[in-house]
Number of protein chains: 2
Amino acid sequence: MELPKGVEWAAHALVVLEVAAGRAVSSVGLARTFDLSPTYLNKHLQKLAAAGIVTSTAGATGGFRLTRPAADVSLGDVVAALGSATPLFQCSEIRCQGAFAEQKQQILASGLCSINQAMLRAEDAWRSSLAGTSIADLAYGLDDNTRTRMLRATGLGPDTDKDPS
Amino acid sequence: MELPKGVEWAAHALVVLEVAAGRAVSSVGLARTFDLSPTYLNKHLQKLAAAGIVTSTAGATGGFRLTRPAADVSLGDVVAALGSATPLFQCSEIRCQGAFAEQKQQILASGLCSINQAMLRAEDAWRSSLAGTSIADLAYGLDDNTRTRMLRATGLGPDTDKDPS
């Protein structure tokens with residue numbers, strides 16, 4: 001069981017959009033920054049757009065932008081947007097089968113299965129932790145060299161051949 | 001992304017083994033209790049055996065037993081035994097690609113990617129929560145009627161036709 005690979009790509013792309021500080025970045029520019037497939041990255045970006053995290057504009061100067069401050073976009077939002085919003089544990093209520101089939105209605109009325117409860121508690125802990133890290137937190141630690149390389153790769157400049165390192 | 005279905009089956013089977021209080025229960029008896037496929041349940045039980053959580057004995061009175069007190073078997077152990085011991089988030093180090101390829105060694109030497117760190121923190125929270133619920137905790141809340149139905153379905157008795165409900 002693994003999170004979709006797109007989570008990593010989407011999180012890094014969102015950090016670049018934060019570094020771009022409101023300027024639109026094309027999916028090609030984002031893909032070039034990390035040498036990713038533009039086609040696949042664009043699919044992940046479309047999921048972020050569907051979740052309202054980014055917006056895109058067409059045209060030569062178009063591209064993707066964050067729709068809200070990066071401090072308000074958490075890794076939990078990214079995981080949910082990339083398709084992992086459903087519970088990790090899927091209870092199929094086997095507690096109501098076999099020797100317990102005739103008591104099914106009583107059992108269901110008694111509340112969630114204790115195994116499901118424990119699994120949901122654990123998942124709450126996971127999602128709460130993910131909600132505690134924002135794209136702004138992730139961008140905050142980047143040094144100038146990294147920011148410069150990001151901006152240059154996206155095509156936003158600075159337009160210089162000088163090695164930023 | 002979902003946990004393997006076997007996690008639910010294995011957790012319920014372990015609760016039955018705790019109710020059996022040290023007596024061996026066959027995989028057929030465990031499967032009958034919840035109307036599960038004996039073949040698939042046996043595969044999951046073999047994974048629990050490989051992880052050292054249960055042991056099996058052959059013969060007419062053979063079957064599965066817990067190898068240690070149920071208080072020392074957590075849902076985290078079950079999830080790990082069923083094949084989800086690898087991290088949920090698999091970092092592929094895209095931070096070292098594209099515009100950053102020539103700095104790869106420096107970047108890797110600087111420590112884990114901050115996105116991976118946040119993902120691992122969240123996963124620690126998940127696994128810690130799972131570690132906090134034991135099979136003994138899950139069995140503790142079962143009423144006498146449920147315990148009787150379990151034991152009867154496994155073939156351990158009590159040998160009566162009286163409806164336990």
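## Briefing: two chains, two cavities and some salt bridges

Let's start with one arginine: B:R68 is partly exposed, with a relative accessible area of 28%. This residue, like everything below, belongs to a predicted model. The bullets go on to the partner of B:R68, which is B:D77, and to the two-fold relation between the chains, the cavities found in the structure and helix 8 of chain A.

**How the two chains are related**

- A turn of 180° and a shift of 0.0 Å along the axis lay chain A on chain B, with an RMSD of 0.0 Å.
- The two copies are therefore related as by a two-fold rotation axis.
- In chain A, A:W126 has the C-alpha nearest this axis, at 2.4 Å from it.
- Both copies use the same surface, as 100% of the contact residues of chain A recur in chain B.

**Salt bridges**

- Over all chains, the whole structure holds eight salt bridges, and three of them are described here, beginning with one between A:E102 and B:R149.
- The side chains of A:E102 and B:R149 meet at 3.4 Å, N to O.
- This pair crosses between chains: A:E102 sits in the loop between helix 4 (75-81) and helix 5 (104-109) of chain A, while B:R149 belongs to helix 8 (residues 144-154) of chain B.
- A:E102 is exposed, its relative accessible area being 61%, whereas B:R149 is buried, at 7%.
- Back to our opening residue: B:R68 forms a salt bridge with B:D77, and their closest N and O atoms are 3.2 Å apart.
- B:D77 counts as partly exposed, at 29% relative accessibility, and B:R68 is partly exposed too, at 28%.
- Another salt bridge joins B:E93 to B:R95, where the closest N and O atoms are 2.6 Å apart.
- B:E93 counts as partly exposed, with 24% relative accessibility, but B:R95 is buried, with a relative accessible area of 12%.
- As general background for such pairs, side chains of opposite charge can pair when their charged atoms come close.

**Cavities**

- Searching the whole structure gives two cavities of 30 Å³ or more.
- The largest cavity has a volume of about 50 Å³.
- From chain A, its lining takes in A:E2, A:L3, A:P4, A:K5 and A:E8, and from chain B it takes in B:L88, B:F89 and B:Q90.
- That lining divides into four nonpolar residues, one polar and three charged.
- The second largest cavity has a volume of about 40 Å³.
- Here chain B supplies B:E2, B:L3, B:P4, B:K5 and B:E8, and chain A supplies A:F89 and A:Q90.
- In the lining of the second largest cavity, three residues are nonpolar, one is polar and three are charged.

**Helix 8 of chain A**

- Helix 8 of chain A covers residues 144-154, and its buried residues are A:N145, A:T146, A:R149, A:M150, A:L151, A:A153 and A:T154.
- What do these buried residues pack against? They pack against helix 1 (6-19) and helix 2 (27-34) of chain A.
- In general, an α-helix has 3.6 residues a turn, so residues three or four places apart point the same way.
- Among the buried residues of this helix are A:T146, A:R149 and A:A153.
- Just after helix 8 of chain A comes A:G155, which takes a positive phi of about 95°.

Definitions and conventions
Residues numbered from 1 in each chain as written. Chains lettered and ligands numbered in written order. Predicted model: local features only at pLDDT ≥ 70, side-chain atom pairs only at ≥ 80, totals over all residues. Heavy atoms only, no water. Least-squares fit on C-alpha atoms with pLDDT ≥ 70 in both. Contact = heavy atoms within 4.5 Å. 1 Å grid on protein atoms, 1.4 Å probe; cavity = no way out; pocket = protein on both sides within 12 Å on 5 of 7 lines; lining within 4 Å. Points joined across faces, edges and corners; volume = space filled by probe spheres on them. Nonpolar A, V, L, I, M, F, W, Y, C, P; charged D, E, K, R; others polar. Buried < 20%, exposed > 50% of the residue type's maximum accessible area, 1.4 Å probe, protein only. Helix = DSSP H or I, 4+ residues; strand = E, 2+ residues; numbered from the N terminus. Salt bridge = Lys/Arg side-chain N within 4 Å of Asp/Glu carboxyl O.
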